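Visitor: Please take a close look at one part of this structure, the place where the chains meet, and then work outward from there. I would like a single connected account rather than a list.

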Amino acid sequence: METFLHQLPIVVNALNVGFVQTLKLFAVTLLGAFPLGLLIAFGSLSKIRAVSMFTSFIIWIIRGTPLMIQLLIVYYFPGLVLHNPIWGGGEQGRFLAASLAFIINYSCYFSEIYRGGILSVPVGQTEAGLVLGMTKRQIFFNVTLLQMIKRIVPPISNEIITLVKDTALARIIALQEIIWAGQAFMKGSHGISGAIWPLFFTAFYYLVFNGIVTVLLARLERKLDYFR
Amino acid sequence: MPVLEVRNIRKTFGRTEVLKGIDFSLDKGEALSVIGSSGSGKTTLLRCLNFLERPDAGSITVNGEVLLDCADASTLRESEIRRKRLHFGLVFQSFNLFPQYTALENVLLAPRLLAKENHEQFADKERLNAEARELFADIGLSDRMNNYPHQLSGGQQQRVAIARALIMHPDILCFDEPTSALDPELTGEVLKVIRKLSEQNTTMIIVTHEMEFARDVADKVIFMDGGVICEQGNPREVFSHPKEERTKQFLSRYSQN
């Protein structure tokens, strides 16, 4: 007990540092994947066959392979295969590589959700806009978009909660996120070694954060309840 | 000179020829009702007039301007369709109000967007708002302007949809079975609004299954069957003394009900 109380503040401090990195990756991924996903969704919905086939192909590759492998490829491919280590060796390089892999991966998943959302808005909405002389762009931003958002909040919520936990995969390229920080206490870190409880303790962080995310998303869902 | 001249409109979907050469014209202030069984091409005709479908052949002329002539590629440019469309208004069977906007916002959305693009017609905000309020008074919904569509009955939604079309000042207002999605009780209030419009000499094309209404309101009636105009003329004549066998059959089915 005494050792635990001694270790606790040290572990919490280290885990906090790791969790900041986790949150940064989480936030950057959302910021990048929300708009990029929309762009990909437009590609999938394009009437130009070459465009829609190309995006389908990309989505197939990204959804069909493990995110962990994608992380390794994004991080190591430039250096090992192209002999051009664009990421550098430091934590910042690892973070940029992880961000890129996560954004690409999540925007593909988001794009499919967006696509479903756009297609679920009745075609009569677009036609009503057209006969009123609105452009397709005006119709999308003023009519379709909010109706789409309302429909996709539940499936996107699922993805967001998965993303919180998926950030742990970045450990594979040694990004110093919270799992990495917890695991370090097994080998030895901050004068503590052979301790496995810090690793288990990381789950608590995820749990609390996902609780907050869930509440916020439920609030958004309620906010969009004003129309049908 | 007629407001609208439609010549030889043809439209094929896949292997089905839905419109097999439609010709008619409409004078300013006239109300035309289009009747006929489902699948006779009535809705497709309205959709062609509103540029929601492009006909395979034929021409549409409004106030002497050829809006569309399938034989003349210069009239088919995408970029001009938007402007040409504004000659027509369309009220849908399923209302198609925008659910996230209040009734008033539904009416004002398009003119406000056009005003941002320097359409002088809608530039005066005060006048636009005043006009919207007038329209709501006309349709009897002044007290429901700030309601969302889902808070309105079907009949009220359709009346808002009519106001939304009217604020654009189309030369020709089209109705695509405006009461088919409504129960009989709500049908009356929508028909009343349309009737009032015809009394104000609004140029209208009304596709409808309400035979009595088609006869009373219209200055002219067209009976469509199998993608062609089977019979057209003065409503009293067509309804009381149809010349074509097919028209008689169709009308007799209605009088039986």
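Guide: A good place to begin is a pair of residues that are both buried, Arg47(B) and Glu127(A); the model they belong to is a predicted one. Arg47(B) forms a salt bridge with Glu127(A), and the closest N and O atoms of the two are 2.7 Å apart. Arg47(B) sits in helix H1 of chain B, residues 42-49, while Glu127(A) sits in helix H5 of chain A, so this pair joins two chains. As a general matter, side chains of opposite charge can pair when their charged atoms come close.

Across the interface of chain A and chain B the rule finds 1 salt bridge, and the side chains of Glu127(A) and Arg47(B) meet in a salt bridge at 2.7 Å, N to O. Polar contacts add to this picture, with 10 residue pairs found across the interface of the two chains, both partners being at pLDDT 80 or more. On the side of chain A that touches chain B, the elements that give two or more residues are helix H5, residues 123-131, and helix H6. H5(A) gives the most to that side, with 7 residues.

The extent of the interface can be stated in two ways. Counted in residues, 19 of chain A are in contact with 25 of chain B. Expressed as area, the two chains bury about 2100 Å² between them, and 62% of this lies on carbon and sulfur atoms. Val131(A), Leu132(A) and Tyr226(A) supply 30% of the area that chain A buries against chain B, which is more than any other three residues supply.

From helix H6 of chain A, which spans residues 136-166, one residue deserves a closer look, namely Gln147(A). Its relative accessibility is 2%, and therefore Gln147(A) counts as buried, the cut-off for that word being under 20%. Leaving aside residues up to four places away in sequence, Gln147(A) touches Val121(A), Pro122(A), Gln125(A) and Phe227(A), and also Pro99(B) and Gln100(B). With one of these neighbours, Gln125(A), the side chain of Gln147(A) is joined by a polar contact of 2.8 Å. A polar atom of the Gln147(A) side chain also lies 3.2 Å from the backbone oxygen of Val143(A).

Chain A as a whole gives these details their setting. Its secondary structure comes to 8 helices and 0 strands. Of its 228 residues, 45% count as buried, and its C-alpha trace spans about 75 × 50 × 25 Å along the principal axes. Among the contacts in chain A with a separation of 6 or more, 76% are between residues 24 or more positions apart. The accessible surface of the chain comes to about 12000 Å², and 70% of that belongs to carbon and sulfur atoms.

Part of the nonpolar surface can be located in the model. A patch of about 680 Å² is made by Ile69(A), Ile73(A), Tyr76(A), Phe77(A), Leu80(A), Val81(A) and Leu82(A). Val81(A) has its place in helix H3 of chain A, residues 67-81, and is partly exposed, with a relative accessible area of 49%.

Returning to charged pairs, the structure holds 17 salt bridges over all chains, and some examples may be set beside the pair described at the start. Glu91(A) forms a salt bridge with Arg94(A), whose closest N and O atoms are 3.0 Å apart. These two residues both lie in helix H4 of chain A, residues 91-120, and are 3 residues apart, about one turn of the helix. Arg94(A) is buried, its relative accessible area being 13%. In chain B, the side chains of Arg7(B) and Glu5(B) meet in a salt bridge at 3.3 Å, N to O; Arg7(B) is partly exposed at 34% relative accessible area, and Glu5(B) likewise counts as partly exposed, at 26%. Elsewhere Glu65(B), Arg77(B), Glu80(B) and Arg83(B) are linked in a network of salt bridges.

A last stop in chain B is Phe213(B), in helix H7, residues 211-217, which at 4% relative accessibility counts as buried. Leaving out residues up to four places away in sequence, Phe213(B) touches Leu191(B), Ile194(B), Arg195(B), Ile206(B) and Ala218(B). Phe213(B) and Ile194(B) are 19 residues apart in sequence, and their C-alpha atoms are 9.8 Å apart in space.

Note on methods
Residues numbered from 1 in each chain as written. Chains lettered and ligands numbered in written order. Heavy atoms only, no water. Patch = residues over 30% accessible without salt bridge, like charges linked within 9 Å, V, L, I, M, F, W, Y side chains within 5 Å. Areas by Shrake-Rupley, 256 points an atom, 1.4 Å probe, with all protein chains shown as cover. Salt bridge = Lys/Arg side-chain N within 4 Å of Asp/Glu carboxyl O. Helix = DSSP H or I, 4+ residues; strand = E, 2+ residues; numbered from the N terminus. Buried < 20%, exposed > 50% of the residue type's maximum accessible area, 1.4 Å probe, protein only. Polar contact = N/O pair within 3.5 Å; in protein donor to acceptor, adjacent residues only side chain to side chain. Contact = heavy atoms within 4.5 Å. Buried area = accessible area lost by both parts, 1.4 Å probe.
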